[in-house]
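The following paragraphs lead the reader through one part of a predicted model. Please keep the sequence and the structure in view while reading.

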Amino acid sequence: MNILTFDIGTTSMRGILYDKSGKQLAEASELTPLIYEGSYIEQDPLLLKKKLFAIAKTIVADHEVDAIVLTAFRSAPALFEKDGTPLSNFIMWQDTRNRSICEQLSPLNPQIYEKTGSKVNAVFMASKVTWLKRHCEKAYEKAYKAMVVPAYLLYLMTGQWNCDVTYGSRTGVMNIHTHEYDDSLLELYDLDREKLADLKPVGSVVGFTCGEFIRECGVREGLPVISSGGDQQNSALGLGELDSTSLVINCGTGGFVIALNDTPFLDNDALICNDAAIPGKYTLESNVLASAAALNWVLREFFSDIWNDGHPDFDAFHKIVMKSPLGSNGVLCVPLFQGCGSRDWNPDARASFTNISLGNTRADLGRAVLEGIASEIAKSVSSLPGGTDRDVIYIGGGLTKSSFFDQILCDMLGVPLLRYEDAQSTAIGSFISAAVTLGLYPSYEEAFRSARGCNKTYRYEPDAEAHEAYQKLIARSEEVYKLL
């Protein structure tokens, strides 16, 4: 049995075809750029449709597909008519136009946190849909559904308006204890239940291929389509987070630190408690809203000479920034380009560089950004139960392809780090979910062992002297954040 896994990232999507053992047979990818209009950050639904269909058509042209599974980023809604015609663009998770709505609701944080596992924040879906209702009244009234990206793509493939509970737990209006939309929360956000996608268990078949998707892409009719949950939940699964003893860090566009729990954990409102990719379990998450996105900014603005064909030469970048010593010759970067994430939920926070002299170079600025990202991740790790008290922490995501950054992060945390050579942890986690759902493996543990198989790993060991120095840098970074 061949399983086509769709992995929908913030600015790109890929389709990877796996056989039943988890061996990769084919891959196709497409860029899905964002639309920046002033402070607004959006994405075109029709572009996502075009790219999804293109990937499916490419894979199916040369390979047999027996099932499809989808994982995606989690909190960007748009409005749609009953036939799937978009009435708005997706408001992206980084977009903070809804912050005034969040500020109005913030006095109710204790009650909201107890039901949803998260304080009110500008990232989650509900307040973004409230903004659409208030500012795009005609479109909202005409809309049949307000859907996040994965629900829309699942609809395109199956014709069904479904979404699994991992995405529901990122809406702000799903009760994580009942796994249903909560009437009192819907009332707070002034939202209509009938306009939201139906909630299904994670890792379940949410429909079967039909309609335009099969006609345009050549996919067989009636193939099962599985929703394996949000991208970060699947990344954790793909990195081997199978019980509460492990901790994973995923550094993509944003940075995410995730632990697993058997029950909802509501003892620290600086964390987010969501449904996990493994049914019946929960993730504890702390996030950094700009990770690779922060690096991309410094590459674009200060290292334009190392770009080729629209892509930066990371090897050249590393050779430059390695000339700057630990501590970046005094330059400190607090890389909150998109605001502060879950540890403080401050959408108005912004990045800063401090202690720059005429003697500093762009190498210092580049290294300071890397150290700043690692510092914010270290702060997030310290907020989770057990913190850095681990034998090893698993890391993944595009930024961790840099061994230079990985060693900085390792020294920052003071804990050994383990990275798989195959960086596709989200897609692998999604495959694992589908393989268990389809009965190919009796457990997630066995599916993980098969999928990861002989994957090569890289291990990083912390340097005690560097760790001590970085503890001072972390403290100084937090002082600067609080001052600003």
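In this predicted model, Asn 274 stands opposite Thr 283, a residue of strand β19. The pair belongs to a wider arrangement: β18 and β19, the latter spanning residues 282–288, are joined in the antiparallel sense over 4 bridges.

These strands are part of an open sheet of 7 strands, whose order is β18-β19-β17-β16-β24-β25-β26 and whose pairing is mixed. The edges are occupied by β18 (272–275) and β26 (457–460); each has a single partner strand, so one side of each is left without a neighbour in the sheet. On average, and with direction ignored, neighbouring strands of the sheet are turned by 30 degrees against each other.

A helix accompanies the sheet. Helix α14, residues 403–413, packs on the sheet and touches β16 (247–251), β24 (393–396), β25 (417–420) and β26. The direction of α14 makes about 150 degrees with that of β25.

Attention may now turn to a loop residue. Ser 244 is located in the loop that lies between α10 (231–238) and β16. Is Ser 244 buried, partly exposed or exposed? Its relative accessible area is 41%; because buried means under 20% and exposed means over 50%, Ser 244 counts as partly exposed.

Which residues does Ser 244 touch, if those up to four places away in sequence are not counted? The contacts are with Leu 260 and Arg 390. As for Leu 284, this residue is 40 residues apart from Ser 244 along the chain, and the C-alpha atoms of the two are separated by 10.0 Å.

How values were computed. Residues are numbered from 1 along each chain as its sequence is written. This is a predicted model: local features need pLDDT of at least 70, side-chain atom pairs count only at pLDDT 80 or more; totals for chains, interfaces and linings use all residues. Side-chain values use heavy atoms; hydrogens and water are left out. Two strands pair if DSSP finds at least two bridges between them. Helices (H or I, at least four residues) and strands (E, at least two) are DSSP runs, numbered from the N terminus. Axes are lines fitted to C-alpha atoms, for helices over the stretch in contact, and angles run from 0 to 180 degrees between N-to-C directions. Contact means heavy atoms within 4.5 Å. Buried means under 20% relative accessible area, exposed over 50%, partly exposed in between (1.4 Å probe, protein chains only).
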